[in-house]
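Got a few minutes and a molecular viewer open? Here is a set of exercises to work through, each with a solution you can check as you go.

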Amino acid sequence: MEINEKYDKVLDILMEDTELSGTTSNDISKMIKGLQSRVLQKVLDFEMKEHLKNKEEKNRRNGFSSKNRVVKTEQGDLKISMPRDRQGTFEPIVIKKRQRVMDDFGDIVILMYSQGSSLNDIRELLKSIYKIDLSNQFLSELVDEISEDIIAWQTRKLKKLYTFMYVDCLYAPVKTDLASKKVAVYVIIGIDVKGKKEVVGIWIGDGAEAKSFWVNIFEELQRRGVEDIIHLSMDGLAGLKDGIETVFPRTITQRCIVHLVRNLYKITVKKESKEVIADYKKIYSAVTVEDADNELKKFVKKYETHKNIIKKVNENMQHIYPLFDVPLRIKKMIYTTNTIESVNSVLRKVTNGKGMFMNKNSLLKVLFLRVNKLEKKWDNGVVGWNEILNELIEIYGDRITKYIEI
């Protein structure tokens, strides 16, 4: 029987004892609403039956939840009785345990919230397009359910080895008492032994973190399963270098050259900046340390009257020389934090221009949702990873090979 024929048969039965004369569109809506509720209940009962049938252990039905579940739909509120089993292992699909909104409205709310939309904006959109009015309190409770996912994400087991790790910071306004204060958001990205990238975690501070702050973070990573980190690239975050070397003493830290360039640009006269930066690039992009020294001498001679520039360039050499201790492919992986800055630029889109966040938790929710969406696009690993991995093995030997699955 064709699906339309089945629908007609159901409608004929439904209309059999119904007085159609004087029926209004409102009456029809109520009928559809009642039918939808019964269909959902039938599907839930079928799911429970299948769940019990496929279980080898002794498990039985245990009635229904004490309170009816109210689910929001385009047709209005539907009351559903959620079936239970004795062992509490039943996980319904048609309406998940915590689901309170049908027709993908829940997904729309989460998507808009992850993009930085306010609860008022979300409410107005749902009202204008989908003709459904969800209170701010309801929307807030819906978003609050993300908290469990955040805790699971923050405490999940991590990889044992990260060949490269990147740390960077962005700032976002958060309400404190009656004022708005910018807090520091630290994002850490790791690349595992397979060349796969992931956001290891997000932490919120005040922007002036000491060594102890970073020791706590890296001890947390250790508890979550991290045994070794080969290279860590960073900006000049206070206490970070000492913090990681306390917990992972063999990790090699590297200041981001792009940040060094930006700092040099700030103290350079604008009309000369393009030429100065181009000459400076010849130093840090040199192939050998001898070439870098020669370019440094040329730079110092050319700009000898610019004492502040020369001083800054000489100070920065301590961060440039270590780059010549590794092959070119690895050098390209560690000399910049662009890997994480591209992520932070996406995160800034949901924090900038959105006003202040009510608290740190609401900020963390928005960032988590955005990261969660972003990571789904990271199926492919680092380009040319096999060559990079071979070079890492040649330099670090057993620190790498013992984590490679045979």
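The exercises below go from the whole chain down to single residue pairs, and keep in mind that the model is predicted.

**Exercise 1. Get an overview of the chain: how many helices and strands does the protein chain have, and what percentage of its residues count as buried?**

Solution. Start with the secondary structure: the protein chain has 17 helices and 9 strands. Next, look at burial: 42% of the 406 residues count as buried. Then turn to the outside, where the chain exposes about 23300 Å², with carbon and sulfur atoms supplying 51% of that area. Finally, check the contacts between residues at least 6 apart in sequence: 63% of them join residues at least 24 apart.

**Exercise 2. Find the largest nonpolar core: which residues have the most contacts inside it?**

Solution. The largest nonpolar core has 66 residues, and F164, I202, Y280 and F299 have the most contacts inside it. Now ask who contributes: helix α15 (residues 360–375) gives the largest share of this core, 8 residues. There is also another core lying apart from it, with 25 residues, among them L158, W214, V215 and I217.

Now zoom in on Y280. Skip its neighbours within four places in sequence, and you'll find Y280 in contact with L260, V261, L264, F299, V313, N316 and I320.

**Exercise 3. Take helix α6 (residues 146–154) and work out which residues are buried and which exposed residues sit on the face turned away from them.**

Solution. First pick out the buried ones: I146, I150 and W153. They cover an arc of only 65 degrees around the axis, so they fall on the same side of α6. If the spacing looks familiar, recall that an α-helix has 3.6 residues a turn, so residues three or four places apart point the same way. Now flip to the face turned away from the buried side, and you meet the exposed residues E148 and I151.

**Exercise 4. Count the salt bridges, then trace one from D228: what is its partner, and are the two residues buried or exposed?**

Solution. The count comes to 13 salt bridges. D228 pairs with R399, and their closest N and O atoms are 2.8 Å apart. D228 lies in strand β8 (residues 228–234) and R399 in helix α17 (residues 398–401), so this pair ties together parts that are 171 residues apart in sequence. For burial, use the cut-off of under 20% relative accessible area. D228 is at 5%, so it counts as buried; R399 is at 12%, so it is buried too.

**Exercise 5. Do the same for K302 and E391: which residues do they pair with?**

Solution. K302 meets D279 in a salt bridge at 2.8 Å, N to O. K302 belongs to helix α11 (residues 289–302) and D279 to helix α10 (residues 270–284), so the bridge ties together parts that are 23 residues apart in sequence. K302 is partly exposed at 46% relative accessibility, whereas D279 is buried at 12%.

E391 bridges to R329, with the closest N and O atoms 3.0 Å apart. Helix α16 (residues 385–396) holds E391 and helix α13 (residues 328–334) holds R329, so here the linked parts are 62 residues apart in sequence. E391 is buried at 15%, and R329 is partly exposed at 41%. One more to look up: R156, K159, D192 and E198 are joined into one network by salt bridges that share partners.

How values were computed: Residues numbered from 1 in each chain as written. Predicted model: local features only at pLDDT ≥ 70, side-chain atom pairs only at ≥ 80, totals over all residues. Heavy atoms only, no water. Helix = DSSP H or I, 4+ residues; strand = E, 2+ residues; numbered from the N terminus. Buried < 20%, exposed > 50% of the residue type's maximum accessible area, 1.4 Å probe, protein only. Contact = heavy atoms within 4.5 Å. Areas by Shrake-Rupley, 256 points an atom, 1.4 Å probe, with all protein chains shown as cover. Core = buried A, V, L, I, M, F, W, Y, C linked by side-chain atoms within 4.5 Å. Arc of directions from axis to C-beta. Salt bridge = Lys/Arg side-chain N within 4 Å of Asp/Glu carboxyl O.
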